[in-house]
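Me: Could you pick one part of this model and take me through it closely? I'd like to know how it sits among its surroundings, in plain bench language.

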Amino acid sequence: MTWLDSLAEKALARELPTRADALNVLKSPDDELMDVVAAAFKVRLRYFGRRVKLNYLVNIKSGLCPEDCFYCSQRRGSAADVLKYTWLKPTEVLESAEAGVRAGAKRVCLVASGRGPTNADITRVSTAITEFKAKNPDIEVYSYQDRADTVKTAKQAGLSPCSGLIAGMGESDEELADVVFALRELDPDSVPVNFLIPFEGTPLGGEWNLTPQRCLRILAMVRFICPDAEVRLAGGREIHLRSLQPLALHIVNSIFLGDYLTSEGQPGGRDLEMIADAGFTVEGTDERTLPGHRPAYRDLVRLRRRGPGTTLPANA
Ligand code: SF4
């Protein structure tokens, strides 16, 4: 049995790999790249079959952020020439979300620049979310932030939390492995993996550190550490994986469709072709994403956003 076979076996048993295992994946030579992908594919196949979940981003408030996260094109004082607008109107949110659903998305993520929504911010978008959910009851709608306590709170509230990473910021293999082990501690349902988009006008504008091969190794490491979580290939896949994107589908089970928050992605039609050409299928709204052993209750609880305390009629 090779070291990759035993790593795959561990992941299939949902055993945590060692830090040395994770580093071996990141440091593996190009000659072993296909073996790394094949080992990760065994795990992906067991928990997610050949399904690819499609997610769609709607940037409901772009740029103008009071924070200054150094990697971000929307940060305070950013010189990146990105679209800047305050909160979209509910009708605009609805139109954008529905465009994603028409293109095949199963999950719509509503994202607003800033560290955390205020109650007023939540009220602002809740009307649009309620209307959208009424029309598309099987579509998942999420807004998310990046803090660990949010992940824990979301879980306690019965929501499906996601928490991920951005690779390619000049980090070491050790730092990358530590981040993914820390994510595993949080046990999120989904782990979005972003590859840094080096926007001109941001401090990391010159950081082109990734190769397609390194991206595949990073994704494989995440799969081995979080074997039964939805590993979602997020921003930067087109520019960093380039022609190796279809290989990544053998590791991840979820991608974003269409454009990102402030940059353009591959046309949705090309994503659908790529999925079909690689022998995968788009996950339907009636198909469960997570494997059966993960708690299902998170999918069932819907927070009330109508009736008493709201401006919307009750459901009776
Ligand atoms: S939009 Fe988010 S990541 Fe970007 S600067 Fe603001 S808080 Fe940071």
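**A close look at helix α8**

Reply: Let's begin with the whole chain: among contacts with a separation of 6 or more, 77% are between residues 24 or more positions apart. Here, two residues are in contact if their C-beta atoms, placed from the backbone, lie within 7 Å. Bear in mind that this is a predicted model, in which local features need pLDDT of at least 70, side-chain atom pairs count only at pLDDT 80 or more, and totals for chains, interfaces and linings use all residues. Residue numbers run from 1 along each chain as its sequence is written.

The chain has 12 helices and eight strands; these are DSSP runs numbered from the N terminus, with H or I and at least four residues for a helix, E and at least two for a strand. Its radius of gyration is 19 Å, close to the 20 Å that the globule rule gives for 316 residues, so the chain is as compact as a globular protein of that length. That radius is taken over C-alpha atoms, and the rule is 2.2 Å times the number of residues to the power 0.38. Along its principal axes, the C-alpha trace spans about 60 × 45 × 35 Å.

Of those 316 residues, 38% are buried. Buried means that 20 or more other C-beta atoms lie within 10 Å of a residue's own; exposed means 12 or fewer, partly exposed is in between, and the C-beta atoms are placed from the backbone.

Now for the part I picked, helix α8. It covers residues 212–225, 14 residues in total, and reaches 20 Å from its first C-alpha to its last. That is close to the expected 20 Å at 1.5 Å a residue, where the expected span is 1.5 Å times one less than the number of residues.

How many of the 14 residues of α8 are buried? The count is 11, so the helix is largely enclosed by the rest of the structure. The buried ones are C215, L216, R217, I218, L219, A220, M221, V222, R223, F224 and I225.

Several of these also belong to the largest nonpolar core, which has 68 residues; L219, A220, M221, V222 and F224 touch the most other members. Such a core is a set of buried Ala, Val, Leu, Ile, Met, Phe, Trp, Tyr and Cys residues joined through C-beta atoms within 7 Å. The largest share of this core, nine residues, comes from α8.

Take a few positions along the helix. I218, in α8, is buried, with 25 other C-beta atoms within 10 Å. Leaving aside neighbours within four places in sequence, I218 is in contact with L26, A167, L176 and V193. Its C-alpha is 28 Å from that of G100, 118 residues apart along the chain.

M221 also has L26 among its partners, together with A22, V25, A177 and V180, again not counting residues up to four places away in sequence. Of the elements involved, α2 is residues 19–27 and α7 is residues 173–186. L186 lies in that helix α7 and is partly exposed, with 17 other C-beta atoms within 10 Å. The C-alpha atoms of L186 and S163, 23 residues apart along the chain, are separated by 8.3 Å.

F224 brings in another helix. A40, in α3 (residues 33–48), touches A220, R223 and F224, plus H250 and I251, not counting residues up to four places away in sequence. The C-alpha atoms of A40 and F224 are 6.8 Å apart in space, although the two residues are 184 apart in sequence. A40 counts as buried, with 29 C-beta neighbours inside 10 Å.

Next, a look at P227. Its C-alpha is 9.1 Å from that of A13, 214 residues apart along the chain. A13 belongs to the loop between α1 (3–12) and α2 and counts as exposed, with 8 C-beta neighbours inside 10 Å.

R14, in that loop between α1 and α2, is partly exposed, with 13 other C-beta atoms within 10 Å. Its backbone deserves a glance too: phi of R14 is near 55 degrees, a positive value in a residue other than glycine. Most residues other than glycine have a negative phi.

To recap on the helix itself: α8 has 11 of its 14 residues buried, and α8 gives the largest share of the core.
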